[in-house]
Amino acid sequence: MQNGVAIITGSSSGVGAACARQLAELGSHVAINYSSNENGARKTQEECEAFDVETIVVQADVADDEQCRMLVEKTLEKWGRIDALINNAGTTKFNPHGNLDGLSKKDFLHIYSVNTVGPYQMTRAVAPSMRKGGMGSIVNVSSVAGVMGVGSSVAYAASKGALITMTLSLARALGPEIRVNCVCPGFIQGDWLEKGLGKENYAIAKSRVEASAPLGVASSPDQIAQGILFFVTGADVVTGECLIMDGGSHLAQAGTVKR
């Protein structure tokens, strides 16, 4: 990725910001995207430019196809190429799975539009450029929720499960020029989850993960970004793969299912 170009959606904080920083450290120019957190995006930009690379900051809602195309067009106007796309932008509504009345059709469609349709629209927008260049890597940030049917809400888990399936479909459709893979993080330390769960519940959940996961760790954004960058920089013959990154928590959960 030395002098390469990457678009990272939702890169104003968390995993997206960590990906941008790590790509910049490798010498890649980065298009930093945000929906509402401009201050966070500018901070990410400052951190990336410390590695002497070029950046742009673009506000765009990935649920809107026109805004996806605009983000891609601005990136091509700046650098004329796109080597990597990391579909990291995501949303949820925190709602206990047993509370069926807690999710409306509108909730489902909004979550699906960002978490599943958004990556599809971004992929469609970058595909012509990547094909023209003869190579490209797309990494979708799914979740262990999409594998296990757990997480912040039923709608969130369903959207991430669909993203995993879409990764497989697109890997078949876009080869050989474009590789499409995904990562499936579990609990990720950070403000986003702490705000959604509340400080007390966040601390409890983190402690449970650290106590039950075989590796005894609750992942950081930087650790998840390392897995994402593996698909971008070190997996030339890998496509259609989904990497679970949760310290082994899914193994603990599978072993404690009530029967």
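Helices and strands are named here as DSSP runs numbered from the N terminus, and strand S1 spans residues 5–8, with Asn 3 in the segment before it. The model is a predicted one, and a few local features of its backbone and side chains deserve a closer look.

Asn 3 makes a good starting point. Although this residue is not a glycine, its phi is positive, at about 65 degrees. Its relative accessibility is 48%, so Asn 3 counts as partly exposed, the cut-off for exposed being over 50%. A positive phi also appears at Asp 52, likewise a residue other than glycine, where the value is near 65 degrees. Asp 52 sits in the loop between H2 and strand S3 (55–59). With 73% relative accessibility, Asp 52 counts as exposed. A further backbone feature is the cis peptide bond that joins Gly 175 and Pro 176, with omega at about 5 degrees. Pro 176 belongs to the loop between helix H6 (154–174) and strand S6 (178–185).

Turning to the side chains, side chains of opposite charge can pair when their charged atoms come close. Over the whole structure, a search finds 8 salt bridges. One of them links Arg 21 and Glu 47, with an N to O distance of 3.1 Å. Arg 21 lies in helix H1 (residues 14–25) and Glu 47 in helix H2 (residues 38–49), so this pair ties together parts of the chain that are 26 residues apart in sequence. Both ends of the bridge are partly exposed, Arg 21 at 24% relative accessibility and Glu 47 at 26%.

Helix H2 also holds a salt bridge between Glu 38 and Arg 42. Here the closest N and O atoms are 3.6 Å apart. The two residues are 4 positions apart in helix H2, and are therefore separated by about one helical turn. Glu 38 is partly exposed at 37% relative accessibility, and Arg 42 is partly exposed at 38%.

A salt bridge in helix H3 (residues 65–79) pairs Arg 69 with Asp 65, at 2.9 Å from N to O. Arg 69 and Asp 65 are 4 residues apart, so about one helical turn separates them. Arg 69 has a relative accessibility of 36% and counts as partly exposed. Asp 65 is partly exposed too, with a relative accessible area of 21%. Finally, salt bridges that share partners join Arg 21, Glu 47 and Asp 222 into one network.

How values were computed
Residues are numbered from 1 along each chain as its sequence is written. This is a predicted model: local features need pLDDT of at least 70, side-chain atom pairs count only at pLDDT 80 or more; totals for chains, interfaces and linings use all residues. Side-chain values use heavy atoms; hydrogens and water are left out. A salt bridge is a side-chain nitrogen of Lys or Arg within 4 Å of a carboxyl oxygen of Asp or Glu. Buried means under 20% relative accessible area, exposed over 50%, partly exposed in between (1.4 Å probe, protein chains only).
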